[in-house]
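Please open the model in your viewer and keep the selection tool at hand, since each stop below begins with something to select.

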Amino acid sequence: MSSEDAGQGPGQGHHSAVQEGQTESLSKRQQKKLLRHKQWEEQRDLRKQRRKERKQKRRQERQEGVEGEEAAGRKRLRREAEPSSLRLVVDCSFDSLMALRDVKKLHKQIQRCYAENRRAVHPVQFYLTSHGGQLKQNMDENDKGWVNWKDISIRSEHFTEILKEEELVYLTSDSPNVLQELDETKAYIIGGLVDHNHHKGLTYQRAQDQGLQHAQLPLSSFVRMNSRKVLAVNHVFEIMLAYLEKKDWREAFFTILPQRKGAVPVGQEGSPPEQERERDSDSETETAETGTPSTGQRGTPGGEAGGEAGEAAGHDPAGGSHTEGTAA
């Protein structure tokens, strides 16, 4: 028996041997994992000390006004934006025509509109009208901060009670009028309806019944899409913001339209196998998706839905059937 073994009791020696045996039976990967865990535990106090130091540093920076300077810088950046006098109105008067799941999708699209307008180069005057019913209840339950939103007018009244009728232009794909320029003295209405094509032509009919001007975006003049020409509320809203910045419809469309739409410039049409499969898929199912003010890829936090005015971006000039979407 070695002197080391002699210094241990019989139980200790046996336990040590068992541990060594267990360690040897572990794979190299398991041994590395065990070693990392041991190192993690040994460094616990060091991590705690570093967190404490970082906290103290932040406190000191606040006292020295560092955060105040950064905030002032952000405000200066915000002031560099040039607000537009153009008004964009999401008409929420279709609440009773939607199922709750579609109201939730509309809510997410409105959130995206709000976020994009706040960071836009030329933010518009943003209105939500006829705000109430399921939409308001869903916002109260899931987005209580909406009451503190800035640079937006959220009203329970219908837009005709707030704005002058001669200044209103309803965006709807059934309109024979194609919008060529944006008139910043006008208020453009986007129908807030996610209905999966149950109420085709409704926004156009309402615009006519109320004696309002109406128009469609010039999508077909610049874009061919293999999928259905259905645009969500936030897509139309973002296209309008992009046009105000770029003064070019083509560039605005291709900046905003989701890649999965297979959009190509007019004159460059093609049908790769992937696009053909997407077209087949779109023809078989009604899609309605929502996404988050991620901001890396366009069309992610808002979503797309088959609702009434959403295809107002334009009729299919080829005369094919088309489905309407949420916005204009």
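With the whole protein chain selected, 42% of its 328 residues count as buried, buried meaning under 20% relative accessible area, exposed over 50% and partly exposed in between (1.4 Å probe, protein chains only). The protein chain exposes about 18,300 Å², of which carbon and sulfur atoms supply 46%; these areas come from the Shrake-Rupley method with a 1.4 Å probe. This is a predicted model, in which local features need pLDDT of at least 70 and side-chain atom pairs count only at pLDDT 80 or more, while totals for chains, interfaces and linings use all residues. Residues are numbered from 1 along each chain as its sequence is written, and side-chain values use heavy atoms, with hydrogens and water left out.

Colour by secondary structure next: the protein chain holds twelve helices and eight strands, taken as DSSP runs numbered from the N terminus (helices H or I, at least four residues; strands E, at least two).

Now select residues 100-119, helix H6, together with residues 133-142, helix H7, whose axes come within 9 Å and cross at roughly 65°. The axes are lines fitted to C-alpha atoms, for helices over the stretch in contact, with angles running from 0 to 180 degrees between N-to-C directions. H6 and H7 are therefore roughly perpendicular to each other, the scale being under 35 degrees for roughly parallel, over 145 for roughly antiparallel, 65 to 115 for roughly perpendicular, and oblique for the rest. Show side chains to see Leu-100, Val-103, Lys-104, Leu-106, His-107 and Ile-110 of H6 meeting Gln-134, Leu-135, Asn-138 and Met-139 of H7, where contact means heavy atoms within 4.5 Å.

Move on to helix H10 (residues 233-246) and helix H11 (residues 249-256), whose axes come within 8 Å and cross at roughly 135°; H10 and H11 are therefore oblique to each other. Among the residues that meet here are His-235, Met-240 and Tyr-243 in H10, and Trp-249, Phe-253 and Ile-256 in H11.

Finally, select Gln-213, which lies in strand E6 (residues 213-215). Is Gln-213 buried or exposed? Gln-213 is partly exposed, with a relative accessible area of 37%. Leaving aside neighbours within four places in sequence, Gln-213 is in contact with Glu-166, Leu-168, Val-169, Tyr-170 and Lys-186. A distance label between the C-alpha atoms of Gln-213 and Tyr-170, which are 43 residues apart along the chain, should read 6.2 Å.
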